[in-house]
Amino acid sequence: MKKQSQASGAGAVARFLRQNSVPLMFIIICAVLIPISGFSAGYLINEIVTRMGRNIFLILSLLIPITAGMGLNFGMTLGAMAGEIALILVSDWQIWGIPGIVLAMIVSIPISVGLGLLCGKILNMAKGREMVTSYITSFFIGGVYMLVVLYMMGPIIPIAHSSIKLPRGYGIRNTVSLLSMRQSLDNLLAIRVLGVKIPTLTFLIIGLMCLGIVWFGKTKLGQDMRAVGQDIQVARDAGIDVERTRLISIIISTVLAGFGMIIYLQNMGNLSTYSSHTQIGMFCIAALLVGGASVEKASIGNVFLGVILFHLMFIVAPQAGAKITGDSMIGEYFRVFASYGVITIALIMYETRKRKAKLMAGRQLQLAQSEDVK
Amino acid sequence: MNRKKRALLYRLGAVALLIVISAAMLWVGRGHTVYFDNKTLEYEGQSYPSFYRMTVKDGDATVAKLAKRERGMADWMGQHFEMQVEVLTEKGAEPVVYPIKLELPYGMDGIVVNLPGMVAGLPQQAWVSEFIPSEPQGAQEEELPPTEEDLVPTDI
Amino acid sequence: MSQTEKTLKPVSGFSAFVQNFGLPRLIIAGFLLLLFIAAPFVGSNFFTQLTNTINRFSWNAILVLSMVPMVHSGCGLNFGLPLGIVSGLLGATISMELGFTGGLSFLMAILIATPFALIFGYGYGHLLNRIKGGEMMIATYVGFSAVSFMCIAWLLLPYRSPNMVWGLSGKGLRTTITVEGYYDKILANFLKIEIGSFSIPVGTLLFFALLAFLMWAFLHTKAGTAMTAVGSNPTFARASGINVDKVRLQSVIMSTWLGAVGILVYQQGFGFIQLYMAPFYMALPAISAILIGGASVNKASITNVIIGTFLFQGIVTMTPTVMNNIIRMDMSEVIRVIVSQGMILYALTRKQGGSK
């Protein structure tokens, strides 16, 4: 993979451009769209800060499976669903504010662990195509989620309040209001700097999480994960229990995604029972990739840069589209297209690189063999 | 073997800790809505008339100002409910402050407090009752969830 | 019935049958059988149900058939079906825009869709050749990108026909467009058989049969066997002088074109053109149908297509009415999701699927 070429000035620049093409592209898109949209800097900064608090934790949950070589964990949706179920229960029990959020997180843990275990087992059966499998798993569990929330909540899982139950007597309404815990995490210790509200506590939690991820990378388990991510066979020869390590990475990711979803929803203030989770995985993955991550390598820096760039595009696109064409739908479709486009590009780059590396290895092997013959 | 045992102990400890925290959260985070009525109360044949004005206060903050036959409300987390009420018997009279102290029943979402009854020092069951909300209007209109997911999100 | 699992040791009787047929498939077939048996008892007409199932079969069969070439050449399940569908939608809308009506509009839609399908398929095929081994995930996202890109296009392209654009602004295509007056039921009504409440859309079935036969015949030509060879053992195929990339490209173009024709046939039965995000998840039902029919990630036959589409559409049509009558709950959506996604998951976790 590493080019042997001399790092001449022009070559270095070209390499930098190539390696950071996706973030650069988004910087250009934002630079063009922001002036057209006509939003004030104050408004944009406020929005970005809010969205950083809302989304970063969710995106952080993607990092560990990437380290373990399992690619982009589309199965983070499972964690999101666990978080949603926990929030539905907690709001039915009428636990409010921060205690409600803490309780929801605790309730989500066993659900997330169970789903993560299932997802990890399935992915261990589909080595080499983890991504498409985790993607389909999220749909499959989405069906189970519907079964639980739409039919079992009421008759089997007791739900007391008619404000969240469908009028027919079982199943949960399309939207569940989380007014009693809305932004209680964000508002505690919040400070205003030059008119920008900074959710200090949420950022503190995110900061702790980042430290936790860095620390985890240094533990025995974290080292094992990196080894498994680099080469399964080598890791197995070194005596690492590959299956177990991969399983744990998915479980951790799922649990963190559950927490992330609870943080996300407490900021939003209401839960769209049947659609909140469907797109969340895709947008988190897109944001991570926009930050310059790839399928096999992602850092905390990628998460922060990605959230800023991606959400900047997401905020300004509809307005800019409306200004250019007179139709705000264009901008909405554009940001969806941009999200899918960036994932597609990242996947293509990953696969071509993988293939090149394989070819190169093959050629070197050939070379070595021919030299042996001499 | 010993190591395994210790790991297991740690895990059990963690689970126990989480359960303890959950129990604490269930206790301190339980939210109630408390309604205050400045209404005449009939109790055991006697009548406790409403007052000219009652002001419910939480420390220095005013929660509700109630004229005759009015109802106010406040959200409260936890079971120990504690506020004060300032009673004016007539316009220009000297306000008298009474504490409102109440153990909120865990199973009740909405609790109605009849202030005249409380001020008169009646037993608690006389002036505390459960608030039962009427079925929300238009509830029957809500349809089942959409089968096609909303693929173009408006916000994330 | 194609084998889904290579049985290493000989097993006899029932368990061998289960292994060959695949347990999930057996459950699904049993479930459908149960539904058919239960239908008369809960008061729904057996023949109406059968008619519905056959109708839906006729709409969807070609979309499912479009999976076959790519599976054969080893490109995996065509998660990029929306790309073909988009070509079909372009054909349909342009044909209507140009003012063709009746049967001619259907023919023109196919003709106009063809160059789009060829161009898109060509680019898509080249892309898939560059990323061998990661086809399915990338195909999914190529499909998604194409659909969301076309959303912008449907708004901006200069369509003018008052039957298709938004009435108020006079521009931008509507989300659903009726094909009434164009090619509504154009195949279904051809040679249609009707006996009481039982009816068969013979024309549509014949059209499917024609394409299925052509596909079968192609797979038995030299080019077709080369395709199978590439799919089952690319190294061997390359050694025997087959241009692997070219064969794969062919298969992708064929799949894309079949997808385009498939959506047109679907529209003539369904009665509407659905634009914007509608094609988004259309690949998944087609994929699970062919898998239910006994295909695997790298093996698929025409029989798989027919059996699978019938089983899948049978469940889709039967569950709402029958379940509703039995338990007074409409659980059809949930059952459909769990059955179809579960089937795909099952296929992806099979060991012998090769590295996709």
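## A walk through the complex, starting with chain B

Let's begin inside chain B: among its contacts with a separation of 6 or more, 57% involve residues 24 or more positions apart. Keep in mind that this is a predicted model. The predictor gives the whole complex an ipTM of 0.86 and a pTM of 0.88.

So what is chain B built from? It has 3 helices and 10 strands. If you follow the sequence, you pass a helix, then a run of strands, then two helices and a closing strand: α-β-β-β-β-β-β-β-β-β-α-α-β. Chain B has 156 residues, and 20% of them count as buried.

For a closer look, pick out β4(B), residues 53-58, and β5(B), residues 61-66. These two strands run antiparallel and are joined by 5 bridges. One pairing to find on screen is M54(B), whose bridge partner in β5(B) is L66(B). Together the strands make a hairpin, with 2 residues between them. In that turn sits G59(B), which has a positive phi of about 65 degrees.

How sure is the predictor about chain B? The average pLDDT is 84, and 86% of the residues score at least 70. Comparing its elements, helix α1(B), residues 2-28, has the highest confidence, at a mean of 93, while helix α3(B), residues 124-127, has the lowest, at 86.

Now hop over to chain A and find helix α6(A), residues 97-124. Its 28 residues, at 1.5 Å a residue, should span 40 Å, and the end C-alpha atoms are 39 Å apart, so the expected span and the model agree. The helix does bend, though: look for about 30 degrees at I109(A). A proline, P110(A), follows within four residues.

Finally, see how chain C meets chain A. Here 32 residues of chain C are in contact with 36 residues of chain A. On the chain C side, three helices each supply at least two residues: α6(C) (102-130), α7(C) (135-156) and α14(C) (332-348). The largest share comes from α7(C), with 13 residues. What kinds of residues make up this side of chain C? They divide into 20 nonpolar, 9 polar and 3 charged.

Chain C as a whole has a mean pLDDT of 85, with 93% of its residues at 70 or more. One stretch to treat separately is residues 1-11 of chain C, where pLDDT stays under 50. For that stretch, the model has 19 contacts beyond four places in sequence.

Notes. Residues are numbered from 1 along each chain as its sequence is written. Chains are lettered from A and ligands numbered from 1 in the order in which they are written. This is a predicted model: local features need pLDDT of at least 70, side-chain atom pairs count only at pLDDT 80 or more; totals for chains, interfaces and linings use all residues. Two residues are in contact if their C-beta atoms, placed from the backbone, lie within 7 Å. Ala, Val, Leu, Ile, Met, Phe, Trp, Tyr, Cys and Pro count as nonpolar, Asp, Glu, Lys and Arg as charged, and the others, Gly among them, as polar. Two strands pair if DSSP finds at least two bridges between them. pLDDT is the predictor's confidence in each residue, from 0 to 100. A residue is buried if 20 or more other C-beta atoms lie within 10 Å of its own, exposed if 12 or fewer, and partly exposed in between; C-beta atoms are placed from the backbone. The expected span of a helix is 1.5 Å times one less than its number of residues. The bend at a residue is the angle between axes fitted to the seven residues ending there and the seven starting there.
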